[in-house]
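Biologist: Before we use words such as buried, paired or core, I would like to go through the reasons behind them one at a time. Could you show me the structure that we will be talking about?

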Amino acid sequence: MDAMQDVGQLSPREAFAALQDTADSALVDVRTEAEIAFVGGPDPRALGRPLAGVEWLDFPACRPNPRFLEELRAALGPDLPGHLFFICRSGSRSLHAARLVAERTRAEGAPVECINVAEGFEGDLDNEGHRGSVNGWKVAGLPWRQG
């Protein structure tokens with residue numbers, strides 16, 4: 001089976017509800033530390049779920065992080081939760097990260113259900129080229145924090 005078929009896609013509200021209903025789950029923010037510091041990020045603490053910040057792309061080179069899975073396991077433990085929800089700015093990088101984790105965990109014989117948060121944290125660009133007003137986690141009014 002292809003990793004693309006193994007990755008679900010949910011809107012931010014659907015993902016939040018699924019996190020709330022799924023005890024064995026965590027949220028993975030794959031944006032850079034700088035993005036999270038300047039823009040803020042999801043706050044799943046109200047759900048009692050862990051949030052792992054693991055950069056998908058190394059900053060500033062913007063190359064795929066060769067230690068992504070290792071850093072994810074360091075953040076969440078070697079036995080990953082059964083359900084991981086991935087988020088980035090708009091849903092693109094998180095989709096790639098979710099596909100990698102789905103593929104690797106399946107190959108290791110311990111598959112993890114990987115779900116991409118479509119729209120991401122900031123959402124799509126508006127007509128003026130700005131994010132944060134069309135859709136996404138923040139626009140949906142879901143818990144988030146800055147700093």
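**Reasons behind the words**

Modeller: Glu 103 has a relative accessible area of 42%, and it is described as partly exposed. Please keep in mind that this is a predicted model.

Biologist: Why is Glu 103 called partly exposed?

Modeller: Buried means under 20% and exposed means over 50%, with partly exposed in between, so Glu 103, at 42%, is partly exposed. Its place is in helix 5, and the C-alpha atom of Glu 103 is separated by 19 Å from that of Ala 118, which is 15 residues apart from it along the chain.

Biologist: What makes Glu 35 count as buried?

Modeller: The relative accessibility of Glu 35 is 16%, and because buried means under 20%, Glu 35 counts as buried. Glu 35 is placed in helix 3, which covers residues 33-39, and, not counting residues up to four places away in sequence, Glu 35 touches Gly 40, Arg 89 and Arg 93.

Biologist: Why is strand 2 said to be largely enclosed by the rest of the structure?

Modeller: In strand 2, residues 25-29, 5 of the 5 residues are buried, and therefore the strand is largely enclosed by the rest of the structure. Both of its faces are covered, since Ser 25, Leu 27 and Asp 29 are buried on one side, and Ala 26 and Val 28 are buried on the other.

Biologist: How do you know that strand 2 pairs with strand 4?

Modeller: Two strands pair if there are at least two bridges between them, and strand 2 and strand 4 (residues 51-53) have 3 bridges, in the parallel sense. Here Leu 27 stands opposite Leu 51 in strand 4. Strand 2 is also joined by 5 bridges to strand 7 (residues 83-87), to which it runs parallel, and Val 28 stands opposite Phe 86 in strand 7.

Biologist: Which residues have the most contacts inside the largest nonpolar core?

Modeller: That core has 24 residues, and those with the most contacts inside it are Phe 68, Leu 72, Leu 84, Phe 86 and Val 101. At least two residues of this core come from each of strand 2, helix 4 (68-76), strand 7 and helix 5 (92-107), and helix 5 gives the most, with 6 residues.

Biologist: What is Leu 72 in contact with, leaving aside its neighbours within four places in sequence?

Modeller: Leu 72 is in contact with Val 28, Ala 52, Val 54, Gly 77, Leu 80, Leu 84 and Val 101, when those neighbours are left aside.

Technical notes: Residues are numbered from 1 along each chain as its sequence is written. This is a predicted model: local features need pLDDT of at least 70, side-chain atom pairs count only at pLDDT 80 or more; totals for chains, interfaces and linings use all residues. Side-chain values use heavy atoms; hydrogens and water are left out. Helices (H or I, at least four residues) and strands (E, at least two) are DSSP runs, numbered from the N terminus. Buried means under 20% relative accessible area, exposed over 50%, partly exposed in between (1.4 Å probe, protein chains only). Contact means heavy atoms within 4.5 Å. A nonpolar core is a set of buried Ala, Val, Leu, Ile, Met, Phe, Trp, Tyr and Cys residues joined through side-chain atoms within 4.5 Å.
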